[in-house]
Each structure stands twice: as structure tokens, then as C-alpha cells.
Amino acid sequence: MPITPPLLEVRQLVKHYGVRTGLFNRVSAKVHALDGVSLFVERGETLGLVGESGCGKTTLARQVLRVERPPSDSVFFGGKDVATLRRGELKQYQRRVAAVFQDPFSSLNPRLRVKTIISEPMAAHGLRPGAARAEHVRQLLTAVGLSPAVAGYFPHQFSGGQRQRLAIARALAAEPELVVLDEPVSALDVSIRGQILNLLKDLQADFGVSYLLIAHDLPSVAFMSHRVAVMYLGQVVESATSRELIARPRHPYTRALLAAALPPDPAGARLARPIEGEIPSPISPPSGCRFHTRCPVVLEQCSRVEPMWREVAPGQFAACHLNDEDIGVLGASDGHGRS
């Protein structure tokens, strides 16, 4: 019996950008935006992608969305190489993959009414002509928690949270299979973020859509996601189910992200101190493990040898030289390798 491929699969994706300098505008260096990133999203699930700004998350989203053409044999959708899609196939792909961006104030055309904004994807792909299109707009507005009566309004008449609901409705208009959520709540008030995340979970159950959720807030990502991949400086350093990642993070970078986001437990041991220092330049990433310059527990080989991607627990993978004993020491320390 053939094995069904994941809905989205990224295989060893490498993306470098040239840095041009000098009188002749020549490439003098390369930005290592992505270096061998691999991940997958199954049908009906949410994969969270988390990491600090500059780690390569948005670059990955641009490859998946075909804003930039990815290298051949690196991004697959339903088993098909996205880089080889021809015009008709590419248009179909653009219907099957949608996006919700960070800023709801700039992602909606201020000159268009809501009904036009939401119906644009349907018009572009020739879906639901005539009255059926208007009815689908009303259904989507209801699904995202807005009254169908607002279909004639303009974006400036809505709050930030309401605009993001409109952006979500637009993303779902053409019935995509995958929605890329690029920092969908980071521009919103804290009081609104939970409402939008809960809405996205409800819509996933109703529409059966898959999500690639990109954010820097690990607890929010874990709440939304079935699985989480943690990125650092162009590489995935850990991947696990959300529950396992929160309960037992295995990479020091993951532990530091949790420590930075979660309040300390007075009754329990400190997980780790938040990350100190600046992220290294992607133009000249560190040798060996790229996190070793900021890691609280550095082994002798960390600066020399790049760690192998390995299964450290059932269904949990990490690229780290630490073994179980080292992780135990880290969990008992104050975040700097001192007990």
C-alpha cells in the first residue's frame, strides 16, 4: 500500500542571499538565511515554527508561498516539487496555499470594501460566481465572528483584531488546504491574541485546513500547534509534539526560549535563564553548533563539530551534543552551567 506524502514537506532547504558592496556592486558575502532546513506538515495539523527574529522563519515562508522560487527538490506539496510548477499548476498551487500576515493594518487594501477584499481570491480563481460568491462572503464573515452586515464597510472602520479576522476570512475564501500564519497575533493587543488563536483552532476544526504557524512566542505556538519545530540561525535545532516540547525540552535554545516566555514557578526549579547576548551574524555563522556562542552548557566539541540531527526520545528530535546526563545537569543549574 503506497504511503501518502505529507501535505507540505521541506527537504534540506538552503537559501543564501548575496551581499553586494563596492563601486561595482559585486557580491562580497552571503547571508545564510536557511541552511539545510527540513520539516513537514500533515493534512489537518498545525506545525509551529518558532525562533528569534532573523532565524529564517519568514524566508522559509516566502519559499513555501512561492513568493521566491525555492531550489529544486526542496519544497514539496502533496508530493510534487513546488519549484517545477508551470503556469497552470502554479495558479492551482496559489489557490491551495494561502497566508495571513502579521500586520492587519497593511495587509488589507484600504480602498476596497470588505466584500471585495474577501471575494478577491474567489474571483482570481473563478470560484463561486454570482450570488454564490456573495453568500460565501457572508458565511466567512460569520465564521470569523463578524456580522455579515459589515460586508460594505472599509478596513479603517475596524479595530486591529477585527481586521485580522477579515484577513483570516480572505485567506479561507478560496478553500485552501494550507494556510501560512506569519506572526498572526504579534501586532495585536495581548487581550485580543487569545481570541484570534482560539478562532484559528475552531476554523481548523470546521474547515479541515492545515496551518504552518510562524511566531517567536513559544507558549502561544505550543498552544496552537500539534507539533513544533524550533529554529536558530537558519537551522532547525529541535522538533517534537507540543506537549513533549513544553514538558521536556531537549535543546538548550528551546529551554532558553521557554524561560524567557514563561513566569518562574516559585515552587519549582528554574528551567533556565533567558538567552543572553546577541544572535550571531548570518553572514558568518559560528562553526560547529551555531548556538554554542550563547549556550549555557558548552561541551568541548560544540565549537568544532556540527551536531547530528537525531531522535533523542520517541518522536522528539534535536541537533545537540548533549546527552541525557548533560540535560539533567542543565535542568538543575541556574542557567549558566552552575548548580
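Colleague: Before we get to β4 and β5, when do two strands pair?
Modeller: Two strands pair if DSSP finds at least two bridges between them. Keep in mind that this is a predicted model.

Colleague: Over how many bridges do β4 and β5 pair, and in which sense?
Modeller: Over 2 bridges, in the antiparallel sense. Phe-77 stands opposite Lys-80 in β5.

Colleague: What holds paired strands to each other in general?
Modeller: Strands of a sheet pair through backbone hydrogen bonds, in either a parallel or an antiparallel way.

Colleague: In what order do the strands of that open sheet run?
Modeller: The order is β2-β1-β4-β5, so 4 strands in an open sheet, with antiparallel pairing. β2 and β5 (80–81) are the edge strands, and each of them pairs on one side only.

Colleague: Which strands does α1 lie across?
Modeller: α1 lies across β1 (8–21), β2 and β4. Relative to β1, α1 runs at about 115°.

Colleague: Changing topic to α2. Which residues are buried there?
Modeller: In helix α2 (residues 87–96), the buried residues are Leu-90, Tyr-93 and Arg-95.

Colleague: And what do they pack against?
Modeller: The buried residues of α2 pack against α1 (57–64), β4 (75–77) and β6 (97–100).

Colleague: On to pockets. How much space lies in the largest pocket?
Modeller: The largest pocket holds about 400 Å³ of space. It is lined by 16 residues, and those closest to its centre are Gln-94, Ala-98, Ala-99, Pro-121 and Arg-170.

Colleague: Which elements give two or more residues to that lining?
Modeller: For the largest pocket those elements are α2, β6, α3 (114–124) and α5 (160–172).

Colleague: How does the lining of the largest pocket divide by residue type?
Modeller: The lining of the largest pocket has 10 nonpolar residues, 3 polar and 3 charged.

Colleague: How much space is in the second largest pocket?
Modeller: About 310 Å³ lies in the second largest pocket. There, 18 residues form the lining, and Gly-36, Gln-235, Val-236, Trp-309 and Ala-319 are the closest to the centre.

Colleague: Which elements give two or more residues to the second lining?
Modeller: β2 (26–41) and β10 (235–241) do. β2 gives the most, with 4 residues. β2 is also an edge strand of the open sheet.

Colleague: And the split by type for the second largest pocket?
Modeller: The lining of the second largest pocket divides into 10 nonpolar, 5 polar and 3 charged residues.

How values were computed
Residues numbered from 1 in each chain as written. Predicted model: local features only at pLDDT ≥ 70, side-chain atom pairs only at ≥ 80, totals over all residues. Heavy atoms only, no water. Buried < 20%, exposed > 50% of the residue type's maximum accessible area, 1.4 Å probe, protein only. Contact = heavy atoms within 4.5 Å. 1 Å grid on protein atoms, 1.4 Å probe; cavity = no way out; pocket = protein on both sides within 12 Å on 5 of 7 lines; lining within 4 Å. Points joined across faces, edges and corners; volume = space filled by probe spheres on them. Nonpolar A, V, L, I, M, F, W, Y, C, P; charged D, E, K, R; others polar. Axes fitted to C-alpha atoms, helices over the stretch in contact; angles between N-to-C directions.
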